[in-house]
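Reader: I'd like to learn how to read a fold like a structural person does. Can you walk me through one, feature by feature?

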Amino acid sequence: MTPPNTIEIVPYQSKYARQVSELFHFCVHNIKHERYPPVLLNAWSQAPRSAKHWHLRLSRSQAWIILVTDAASFTKICVGFINVETDFHHRGDIDSLYIHPDWQCQGLGELAYRHLESWARLQGYSSLSVDASYLSKGLFTKMGFTQVQRSYQQKLGQVLPSFYMIKKW
């Protein structure tokens with residue numbers, strides 16, 4: 001019998017930048033939802049961004065990587081990431097939460113979020129906010145967020161709808 005895979009949430013390091021870039025693009029282009037036609041997905045992510053782009057983006061925030069260690073090969077695979085803004089104007093805004101499609105619906109998004117919230121509480125944050133997609137809105141609602149308003153982001157002439165949500169404690 002093969003032992004189960006182990007899951008770790010580790011702080012972001014630059015060595016994960018390329019994996020995050022590829023994971024983000026893969027996740028976006030594997031969305032199967034009526035509200036996200038191919039033209040919208042292409043605007044969301046035309047191609048994997050550079051490792052430098054993702055390194056700068058995640059280094060300017062507090063970010064974690066979700067690693068799964070394959071029990072048979074002991075290989076660590078990046079299957080997700082989450083980050084929260086820490087600068088004065090956007091402090092506490094969750095910027096990204098992506099889980100590889102093969103690992104979705106297994107509690108990893110919730111696990112990553114709980115890790116982030118625990119960190120935010122220790123830092124003295126009194127709330128968190130997020131622009132949730134149609135896909136992630138259910139998770140954030142389950143985690144205690146309430147919708148404040150609809151929000152929209154324009155990319156390459158396409159409008160990406162989302163839901164601005166807040167959780168206070």
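Author: Sure, let's begin with the order of elements. Along the sequence, the protein runs β-α-α-α-β-β-β-α-β-α-β-β. Keep in mind that this is a predicted model.

Reader: How many helices and strands does the protein have in total?

Author: There are 5 helices and 7 strands.

Reader: And how do I judge the overall shape?

Author: Start with the radius of gyration. A compact globule of 169 residues would come out near 15 Å, and the protein has 16 Å, so the two agree. For the outline, the C-alpha atoms fill a box of roughly 50 × 40 × 30 Å along the principal axes.

Reader: What share of the residues is buried?

Author: Of the 169 residues, 44% count as buried. As for the outside, the protein exposes about 9,600 Å², and carbon and sulfur atoms supply 52% of that.

Reader: How do I tell whether contacts come from local or distant stretches of the chain?

Author: Take the contacts between residues at least 6 apart in sequence and ask how far apart the partners sit. Here 62% of those contacts join residues at least 24 apart.

Reader: Let's do charges. What should I look for?

Author: The general idea is that side chains of opposite charge can pair when their charged atoms come close. In this protein there are 18 positive and 12 negative charges, and their mean positions are 4 Å apart. A search of the whole structure turns up 6 salt bridges.

Reader: Can you show me one that ties together separate parts of the chain?

Author: Try Asp95 and Arg57, whose side chains meet in a salt bridge at 2.9 Å, N to O. Asp95 belongs to strand S4 (residues 93-99) and Arg57 to helix H3 (residues 51-59), so the pair links distant parts of the chain, 38 residues apart.

Reader: Are those two residues buried or exposed?

Author: In between, as it happens. Asp95 has 30% relative accessibility, so it counts as partly exposed. Arg57 is partly exposed too, with a relative accessible area of 26%.

Reader: Which residue does Glu110 pair with?

Author: Glu110 meets Lys142 in a salt bridge, again given as 2.9 Å, N to O. This one also links distant parts of the chain: Glu110 sits in helix H4 (residues 108-122) and Lys142 in helix H5 (residues 137-142), 32 residues apart. Lys142 is exposed, with a relative accessible area of 58%. There's a further partner as well, since Glu110, Arg114 and Lys142 are linked in a network of salt bridges.

Reader: What about a salt bridge inside a single helix?

Author: Look at Glu117 and Arg121, with closest N and O atoms 2.8 Å apart. Both lie in helix H4, 4 residues apart, which is about one turn of the helix. Their surroundings are worth reading separately: Glu117 is buried at 11% relative accessible area, whereas Arg121 is partly exposed at 41%.

Reader: Now loops. How do I see what a loop residue sits against?

Author: Compare sequence separation with separation in space, then check the contacts. Pro101 is in the loop between S4 and H4. Pro101 and Cys27 are 74 residues apart in sequence, and their C-alpha atoms are 6.3 Å apart in space. Setting aside neighbours within four places in sequence, Pro101 contacts Phe26, Cys27 and Asn30. With 26% relative accessibility, Pro101 counts as partly exposed.

Reader: Where does Gly157 lie?

Author: Gly157 is in the loop between strand S6 (146-155) and strand S7 (158-168). Gly157 is exposed, at 56% relative accessible area. The C-alpha atoms of Gly157 and Leu139 are separated by 28 Å, with their positions 18 residues apart along the chain.

Reader: One last thing: what do I do with backbone angles?

Author: Scan the signs of phi. Most residues other than glycine have a negative phi, and most peptide bonds are trans. Phe74 goes the other way, with a positive phi of about 60°. Phe74 is placed in the loop between strand S2 (61-69) and strand S3 (76-85), and at 65% relative accessibility it counts as exposed.

Reader: What is the phi of Leu156?

Author: It's near 50°, a positive value in a residue other than glycine. Leu156 is in the loop between S6 and S7, and at 57% relative accessibility Leu156 counts as exposed.

Note on methods. Residues numbered from 1 in each chain as written. Predicted model: local features only at pLDDT ≥ 70, side-chain atom pairs only at ≥ 80, totals over all residues. Heavy atoms only, no water. Helix = DSSP H or I, 4+ residues; strand = E, 2+ residues; numbered from the N terminus. Rg over C-alpha atoms; globule rule 2.2 N^0.38 Å. Buried < 20%, exposed > 50% of the residue type's maximum accessible area, 1.4 Å probe, protein only. Contact = heavy atoms within 4.5 Å. Areas by Shrake-Rupley, 256 points an atom, 1.4 Å probe, with all protein chains shown as cover. Lys, Arg positive; Asp, Glu negative; His and termini not counted. Charge placed at Lys NZ, Arg CZ, Asp CG, Glu CD. Salt bridge = Lys/Arg side-chain N within 4 Å of Asp/Glu carboxyl O.
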